[in-house]
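Here are three short exercises on pockets and strand pairing. Have a viewer ready and try each task before you read its solution.

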Amino acid sequence: MPVVLIHGVPDTHRLWSGVRRYLTRTDVEAWDLPGFGAPRPEGFGSTKEEYADWLISRLEELGEPVDLVGHDWGCILTARVASLRPDLVRTWAGGNGPISARYTWHPLAKIWQDPVEGERFMAGLTPDGFAADLVTGFEVPADLAEETVRYVDTLMKDSILKLYRSAVRMGGEWEPELGRMSAPGLVFWGARDPACPVGFADELGRAVRAERVLKLDCNHWTVLQRPAQVAAALERHWRRRRPERPSMPAPSEER
């Protein structure tokens, strides 16, 4: 059963490079969401429902339940999948992605959700300016911020706008079904996240009956700022579900 890692916004599979260096498992896959470092299928509208359906289809192709992990929008989408299709998920872990009717979208999300301001923002976005915002606003290490913004192209910008505009009421729409998740859960969260306050970590943990809620001394991008701690927590989480080898009966003594 493989591990599948899902990134958020504005990331690609490269988000997980640091965490993967600390994992001992070799059956690990990090996927690019359509429009985020990967092409969009014909007719794909980049709505939250389409991303969840795309993820379900990809997991069905694997043919066995996976250890599913997500950060930011990856957390939101994987939790949705684990709620709708528990048969596809052996364990679930996610962080810094609130799914709550009480959550108010952060200021940048509100800009992206506005059909005028969102287009204006993306038109004026520069790699240097965006990287600086990630460093100063979210404490992302400068080299990793520069790596992140390098892949924010026209397709990703359009995908971000469409995703956020489909998700104005995501919390209220998707929260009620979180209780359907049956996979053992781990929630990990940056305690100093200004966009997704840490109180929503506890709320998500309660909603999915998580076995653990881990709060890390960092900002939003836990997987960039604390990769070793995230990797260690994931491996502990998976080990709890590793099947034990059956013990061999003691050989009988001949008399």
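The exercises below all concern this predicted model.

**Exercise 1.** Describe the largest pocket: what is its volume, and which helices supply at least two residues each of its lining?

*Solution.* Start with the space: the volume is about 350 Å³. Next, look at the lining, which is made up of 25 residues. Select His106, Leu108, Phe138, Ala195 and Trp221 to find the lining residues that lie nearest the centre. Then turn to the helices: H3 (73-84), H4 (107-113) and H6 (127-138) each give at least two residues, and H6 has the largest share, with 4 residues. Finally, sort the lining by character, and you get 19 nonpolar, 4 polar and 2 charged residues.

**Exercise 2.** Now take the second largest pocket and find how its lining divides into nonpolar, polar and charged residues.

*Solution.* This pocket holds about 260 Å³ of space. Its lining has 15 residues, with Arg14, Leu15, Ser17, Leu144 and Leu224 closest to the centre. At least two lining residues come from each of helices H1 (17-22), H7 (142-149) and H11 (222-225). Sorting the lining gives 7 nonpolar, 4 polar and 4 charged residues.

**Exercise 3.** Are strands E5 and E6 parallel or antiparallel, and what is the hand of the crossover between them?

*Solution.* First, align E5 (residues 185-190) with E6 (residues 212-216): they pair in the parallel sense, over 5 bridges. As a landmark, leucine 186 stands opposite arginine 212 of E6. Now follow the chain from E5 through helix H10 (residues 199-208) to E6; this β-α-β crossover is right-handed.

Technical notes:
Residues are numbered from 1 along each chain as its sequence is written. This is a predicted model: local features need pLDDT of at least 70, side-chain atom pairs count only at pLDDT 80 or more; totals for chains, interfaces and linings use all residues. Side-chain values use heavy atoms; hydrogens and water are left out. On a 1 Å grid over the protein atoms alone, a cavity is a set of points where a 1.4 Å probe fits but cannot get out, and a pocket is an open set with protein on both sides within 12 Å along at least five of seven lines; lining residues have an atom within 4 Å of a point. Grid points are joined across faces, edges and corners, and a volume is the space filled by probe spheres set on the points. Ala, Val, Leu, Ile, Met, Phe, Trp, Tyr, Cys and Pro count as nonpolar, Asp, Glu, Lys and Arg as charged, and the others, Gly among them, as polar. Two strands pair if DSSP finds at least two bridges between them. A crossover is right-handed if, with the strands pointing away from the viewer, the path from the first strand over the helix to the second runs clockwise.
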